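Let us walk through this structure together, one piece at a time. Please have a look at the sequence and the model before reading on.

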Amino acid sequence: MTVAALFFYVFASICVASAVMVIASRNPVHSVLFLILAFVNAAGLFVLMGAEFLAMILVIVYVGAVAVLFLFVVMMLDVDFTALRQGFLNYLPVGGLVGVVFFGELVAMLMVGAGALAPGAAKAITDPIPPLADVTNTEALGLVLYTRYAYYFQAAGVVLLVAMIGAIVLTLRHKPHVKRQNIADQVARTKATAIKIRRVKPGQGI
Amino acid sequence: MAGIPLSHGLLVAVVLFALGLVGVLARRNLVFMLMSIEIMLNAAGLAFIAGGARWAQPDGQIMFILVLTLAAAEVSVGLALILALYHRLETLDADAADKLKG
Amino acid sequence: MNEASALYPALPELILAGGAMVLLMIGAFGGERATSPMLSYAIALLVVAGLAIAAMPDERVALFNGSFVVDGFAKFLKILAVLGSIGTLWMSGDFLADPDRRKFEYSVLILLATAGMFVLISAGDLIALYLGFELMSLSLYVVAAFDRDNVQSTEAGLKYFVLGALSSGMLLYGASLIYGFTGTVKFAGIAQEAANGGIGLIIGLVLLFAGLCFKVSAVPFHMWTPDVYQGAPTPITAFFASAPKVAAIAAFVRVSFSAFPAIAAQWQQIIIFVAIASMALGAFAAIGQRNIKRLMAYSSIGHMGYALIGLAAATGEGVQGVLVYMAIYVAMTLGTFACIVSMRRNDKPFEEITDLSGLARTNPAQAFVLSMLLFSLAGIPPLAGFFAKFYVFLAAVKAGLFTLAVLGVLASVVGAYYYLLIVKIMYFDEPAPAFDPMGNALRSIVAVTGLFVILFFAYPGPLVEAAAVAAKSLF
């Protein structure tokens, strides 16, 4: 048992434990914080599996953007915390049963079938990819992402565009009484439309 | 380097995926459901990376980048939908959304 | 060959994605005024993309390391998907006319969803499959909730989203298991490894199929369908029922035949179960529905069951049956939904089946075409729907699946009951107040699909042969 293996199991168990807390905790804010903990530990697992670049991306994108987005929404929506627990207990038996059955089947498959089904299931997964002597992990990803996988890259870009349009369509509301700056109108203003010269006779007012 | 077998990597992924599934099925609060879905997607990403490591290809990691991108897209649409519903119903309880039953 | 011309097979996708971005710009600068011309631009783009597809050669071309495959199969289904999208946009004019819903993003999202379907239909590996699914589904979640001041619409979008995200999680996890055990995501590579794959691969396959079943709304992953169909605005329900189903069935067929031919015996069993369950549920659960959109939801679940019979046969004839079925299904669905969209009085939509009562007296022409469409959905000869079922049952019998074919016939007999009930209500019940007159767009859709359904028997050759050519390209 070396240090790497030890860390693997430590990260894995903390990751799983925080995932349990995510779905079990009463307070959504705690839940988001545990989600962050789960992701940070998953990032640790990634480093051990030779994916350093992704570990950093996971922390930056997930913790930095997605989890914070969750926090924003949770804080914006003013959720009533006491009422939230009720439903959980009602649905736990069904959900738990499905989860346990599913988990049991997959574990049985991995344990029983591992040797027979996948000759490489016992192969180590902690060697760096590609071998560090050739190129760094980031460089290796960069070499294929924009060449062999350019199609995926573009398609993912279009998916993000859809997400952007979708979020705007669903939530942007133009309130009629809000004053907005209209640059085109401002630029189009001329002396003729903007000011009016009145000749005022002295001592009489307008 | 010490060997952590693929099956252990996949085991972590299975546990996370099952937890996410339980979360989606058991929690009725939409924000929790969305977080559970995130856990499921993360589990799938972990399995991809473990697979990539087992076959010594960078492909598994590329898949993860895509999973991450798409998961982020999914979250933003999901949260937008949640906001739109909250705007109408003032609740996040999925059971309150019961206008459609037959 | 220079770089640009190498991309020629992806031209339809480029037209749609690029065109969608141009339309987005026009919309962003044109504002609300741009909404209705936008609809015509989008239709024009779809027509151009459809022509570009039709002009492609039939030979199999693979781009981007095999992630993107264009062959006869893809051509056939992409044209179907384009027709479904055109039909949807064509009937959306009235829906978008309402000042609260006058948003140009609608057309853009439908275009991008169609681009996602193209990616899905052409997918040559699991990742392209997943990307296509997400591109299609994300657009669909948003359009389902498009009428955001209507609680039902938002609710429909949210339900669709939660279950859809769950299913794409399953699909993705299945894909990751398959990758973990075979070391490749390419369908061709998986096909080589699948022969000596074990339980791990099968579990991956089951999860993948679970995700696919969700998208085609087959039992046991159908629960979202009635709610989403009922809650979403009607033109959008028509969209859900037509084009995305085509794309999802395409992905189903392509994955099964190009990635897992070695374990056909295993997936055949899954498909047989799913097909029987879907047909039975579609037949029995629809009885007693009062909302016509819910009824159409159960009807579509049943129809997906029949289409999957062709896949269960696991032969070239079976695939041909699926393709013919989908083509006729799209025509019937669009026609029926065009009639449902026209169920409006004083600009308010009505969705109860009883609202149709006595339609034969208030609008005999519409009542006649709608009853033909319903008879066709029920599979009564000599209408098109009969031939659709005939080809899949024939393929099942030839493949030795007699029980499946017999159950299919029984389910369609039960299913005929509720279609006939609607026809009875239209012809023999006391007339309800007349609906608003139909717009020209709706009238043209109803006329074209009605003619297709009625006259198909006279000239089935071209469609059936095109399907045969398309099916051959998979083997």
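A good place to begin is inside chain C, where the side chains of C:Arg294 and C:Asp227 meet in a salt bridge, at 3.3 Å from N to O. The term salt bridge stands for a side-chain nitrogen of Lys or Arg within 4 Å of a carboxyl oxygen of Asp or Glu. This pair links distant parts of the chain, 67 residues apart: C:Arg294 belongs to helix H15 (residues 292–313) of chain C, and C:Asp227 to helix H11 (residues 224–231) of chain C. Helices (H or I, at least four residues) and strands (E, at least two) are DSSP runs, numbered from the N terminus.

Before going further, a word on what you are looking at. This is a predicted model, in which local features need pLDDT of at least 70 and side-chain atom pairs count only at pLDDT 80 or more, while totals for chains, interfaces and linings use all residues. Residues are numbered from 1 along each chain as its sequence is written, chains are lettered from A and ligands numbered from 1 in the order in which they are written, and side-chain values use heavy atoms, with hydrogens and water left out.

Back to the charged side chains. C:Asp227 also meets C:Lys159 in a salt bridge, 3.1 Å from N to O. C:Lys159 lies in helix H8 of chain C, so this pair ties together parts that are 68 residues apart in sequence. How accessible are these residues? C:Asp227 is buried at a relative accessible area of 12%, and C:Arg294 is buried at 6%, whereas C:Lys159 is partly exposed at 23%. Here, buried means under 20% relative accessible area, exposed over 50%, and partly exposed in between (1.4 Å probe, protein chains only). Together with C:Glu155, these three residues, C:Lys159, C:Asp227 and C:Arg294, are linked in a network of salt bridges.

Another salt bridge joins C:Glu13 and C:Lys78, whose closest N and O atoms are 2.7 Å apart. It connects helix H2 with helix H4 (residues 72–90) of chain C, across 65 residues. C:Glu13 is buried at 8% relative accessible area, and C:Lys78 is buried at 2%. Over all chains, the whole structure has twelve salt bridges.

Now step back to see chain C as a whole. It has 22 helices and four strands. Its radius of gyration, taken over C-alpha atoms, is 21 Å, close to the 23 Å that the globule rule (2.2 Å times the number of residues to the power 0.38) gives for 475 residues, so chain C is as compact as a globular protein of that length. Buried residues make up 67% of the 475 residues.

Finally, where does chain C meet chain A? The contact (heavy atoms within 4.5 Å) takes 34 residues from chain C and 23 residues from chain A. About 2,600 Å² is buried between them, with carbon and sulfur atoms giving 79%; buried area is the accessible area (1.4 Å probe) that two parts lose on being put together, summed over both. On the side of chain C, C:Leu131, C:Arg148 and C:Phe181 lose the most area to chain A, together 23% of what that side buries. The count of salt bridges between chain C and chain A is zero. Helices H2, H6, H7, H8 and H10 of chain C each supply at least two residues of the touching side, and H7(C) gives the largest share, seven residues.
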